[in-house]
Amino acid sequence: MGRRNQRDRDAITVEIGYALVSATFAAAVVFGAVAGPKLAFTMPYAVERGLFLAGLAAAAIVFALRVVTVLWRFARPGDEPNPPYAADASEGSTGSRPARRPDQSNQPGRRGPDS
């Protein structure tokens, strides 16, 4: 694995942050769904304790799975989603034309940037 440039490091940092935030949200929702009835209804202590522990276990599993799946889908080594000559989405590329390489002139009939 070669050295990473600043853009790659920033992308990885953002992806890790997204994975952690989305996993925290998903785990909180699962915990609330499993352990929530404990707050709404009067139950024996053993049932309340069981719901709480089941909620914690389910939340931990969902958190771990969410982090792993988000980071697993992130660009794997060897994948290059944005080759240096691909058209940028901000340039209005529709995908129907081939991407213009940087060394090509955008004027027809000219063969190089100096001509």
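1. Let's start at one residue and work outwards. Serine 22 sits in helix α1, which covers residues 6-40. Keep in mind as you look that this is a predicted model.

2. Is serine 22 buried or exposed? Its relative accessible area is 13%, and buried means under 20%, so serine 22 counts as buried.

3. Now see what surrounds this serine. If you set aside the neighbours within four places in sequence, serine 22 is in contact with Arg66 and Val70. With arginine 66 there is also a polar contact between the two side chains, at 3.1 Å. Val70, the other partner of serine 22, will come up again in point 5.

4. Next, please follow the second helix. Helix α2 runs over residues 45-73, which makes 29 residues. From its first C-alpha to its last, α2 reaches 42 Å, close to the 42 Å expected at 1.5 Å a residue.

5. Which residues of α2 are buried? They are Gly55, Ala59, Val67 and Val70. These buried residues of α2 pack against α1, and Val70 is one of the contacts of serine 22 that you met above. As you compare positions along a helix, a general rule is handy: an α-helix has 3.6 residues a turn, so residues three or four places apart point the same way.

6. There is an aromatic pair to find as well. The count comes to 1 such pair. Its members are phenylalanine 31 and phenylalanine 52, with ring centres 5.8 Å apart and planes at 85°. An angle over 60 degrees counts as edge-to-face, so that is the name for this pair. Phenylalanine 31 belongs to helix α1 and phenylalanine 52 to helix α2, so the pair ties together parts that are 21 residues apart in sequence.

7. How accessible are these two rings' residues? Phenylalanine 31 is partly exposed, with a relative accessible area of 26%. Phenylalanine 52 also counts as partly exposed, at 28% relative accessibility. Both labels follow because partly exposed covers the range between buried, under 20%, and exposed, over 50%.

8. Finally, step back to the whole chain. Its secondary structure comes to 2 helices and 0 strands. Of the 115 residues in the chain, 10% are buried. Among contacts between residues at least 6 apart in sequence, 54% join residues at least 24 apart. The chain exposes about 9300 Å², and carbon and sulfur atoms supply 61% of that area.

Terms used: Residues are numbered from 1 along each chain as its sequence is written. This is a predicted model: local features need pLDDT of at least 70, side-chain atom pairs count only at pLDDT 80 or more; totals for chains, interfaces and linings use all residues. Side-chain values use heavy atoms; hydrogens and water are left out. Helices (H or I, at least four residues) and strands (E, at least two) are DSSP runs, numbered from the N terminus. Buried means under 20% relative accessible area, exposed over 50%, partly exposed in between (1.4 Å probe, protein chains only). A polar contact is a pair of N or O atoms within 3.5 Å; within protein, one must be able to donate a hydrogen and the other to accept it, and residues adjacent in sequence count only if both atoms are side-chain atoms. Contact means heavy atoms within 4.5 Å. The expected span of a helix is 1.5 Å times one less than its number of residues. Rings of Phe, Tyr and Trp (its six-membered ring) pair if their centres lie within 6.5 Å; planes under 30 degrees apart count as stacked, over 60 as edge-to-face and the rest as tilted. Accessible areas come from the Shrake-Rupley method with a 1.4 Å probe; for residues, only the protein chains shown count as cover.
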